[in-house]
Amino acid sequence: TLIAILALLVSGLNLSWGYAGELNLGQVAMYALGAYLAGVLAIRGYSLVVTIPVAALAAAAMGLVVGLPALRLGGWGLAMASFFLVILIPDVVHIF
């Protein structure tokens, strides 16, 4: 299971770095949000059929909220805008 999960992360990095040529460091933040939300929902007793799609939609929504303004940036600007999420997520998790 862990190999499959990490393969998803690596394939996302392959898409952004390999094919698009953009340095995007914020994919870990979307992964963390989805994992945290899936864990919280599972602890509260929701089934896996509900938990996984809700966590995936939350991660996709955060990606859109950050990605749409960052479309105008390129190179290091995009890397810093996406890396801001990596710095922000632990503080937000600590608050909640």
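**Note on a predicted four-helix model**

1. In H3, the residues Thr51, Ala55, Ala59, Met62 and Ala70 are buried. This is a statement about a predicted model, and it is a useful place to begin, since the partners of these residues can be named: the buried residues of H3 pack against H2 and H4. H3 itself has 23 residues and spans 33 Å from its first C-alpha to its last, which is close to the 33 Å expected at 1.5 Å a residue.

2. For the overall plan, the protein has four helices and zero strands, and from the N terminus on its elements run α-α-α-α. The C-alpha atoms fill a box of roughly 40 × 30 × 20 Å, taken along the principal axes. Of the 96 residues, 21% count as buried. Among contacts between residues at least 6 apart in sequence, 55% join residues at least 24 apart.

3. Which residues does Ala38 touch, leaving aside its neighbours within four places in sequence? Ala38 lies in helix H2, and with those neighbours left aside it is in contact with Thr51 and Ala55, both of which are among the buried residues of H3. Ala38 counts as buried because its relative accessible area is 16%, and the cut-off for buried is under 20%. Between the C-alpha atoms of Ala38 and Val50 there are 9.3 Å in space, and the two residues are 12 apart in sequence.

4. Helix H1 has 18 residues and reaches 25 Å from its first C-alpha to its last, close to the 26 Å expected at 1.5 Å a residue. Just after H1 comes Gly21, which takes a positive phi of about 75°. Another glycine, Gly75, has its place in the loop between H3 and H4. The C-alpha atoms of Gly21 and Gly75 are separated by 8.5 Å, although the two residues are 54 apart along the chain. Gly75 has a relative accessible area of 34%, and it is therefore partly exposed.

5. Helix H4 covers residues 76–95, and its 20 residues reach 29 Å from the first C-alpha to the last, close to the 28 Å expected at 1.5 Å a residue. Where does H4 bend? The bend, of about 30°, is at Leu88, and a proline, Pro90, follows within four residues. A reader should take this as a description of position, as given for the bend and the proline together.

6. The buried residues of H4 are Leu78, Ala79, Ser82, Leu85 and Ile89, and what covers them includes helix H2 (27–43) and helix H3 (48–70). To follow the spacing of such a list, it helps to recall that an α-helix has 3.6 residues a turn, so residues three or four places apart point the same way. Is Ile95, which also lies in helix H4, buried or exposed? Ile95 counts as exposed because its relative accessibility is 66%, and the cut-off for exposed is over 50%. The C-alpha atoms of Ile95 and Ser82 are separated by 21 Å, with their places 13 residues apart along the chain counted as a separation in sequence.

7. The largest pocket has a volume of about 750 Å³. Of the 27 residues that line this pocket, the closest to its centre are Gly26, Gln27, Met30, Tyr31 and Ala59. The elements that give two or more residues to its lining are helix H1 (2–19), H2, H3 and H4, and H3 gives the most, with eight residues. By class, the lining has 17 nonpolar, nine polar and one charged residues. Ala59 is thus worth finding in the structure, as it is listed both among the buried residues of H3 and among the residues closest to the centre of the largest pocket.

8. The second largest pocket has a volume of about 170 Å³. Its lining is made by Ala32, Leu33, Tyr36, Leu37, Val40, Ile89, Val92, Val93 and Phe96, and the elements that give two or more residues to it are H2 and H4. The largest share, five residues, comes from H2. By class, this lining has nine nonpolar, no polar and no charged residues. Ile89 appears here as a lining residue, and it is also one of the buried residues of H4.

Key. Residues are numbered from 1 along each chain as its sequence is written. This is a predicted model: local features need pLDDT of at least 70, side-chain atom pairs count only at pLDDT 80 or more; totals for chains, interfaces and linings use all residues. Side-chain values use heavy atoms; hydrogens and water are left out. The expected span of a helix is 1.5 Å times one less than its number of residues. The bend at a residue is the angle between axes fitted to the seven residues ending there and the seven starting there. Buried means under 20% relative accessible area, exposed over 50%, partly exposed in between (1.4 Å probe, protein chains only). Contact means heavy atoms within 4.5 Å. On a 1 Å grid over the protein atoms alone, a cavity is a set of points where a 1.4 Å probe fits but cannot get out, and a pocket is an open set with protein on both sides within 12 Å along at least five of seven lines; lining residues have an atom within 4 Å of a point. Grid points are joined across faces, edges and corners, and a volume is the space filled by probe spheres set on the points. Ala, Val, Leu, Ile, Met, Phe, Trp, Tyr, Cys and Pro count as nonpolar, Asp, Glu, Lys and Arg as charged, and the others, Gly among them, as polar.
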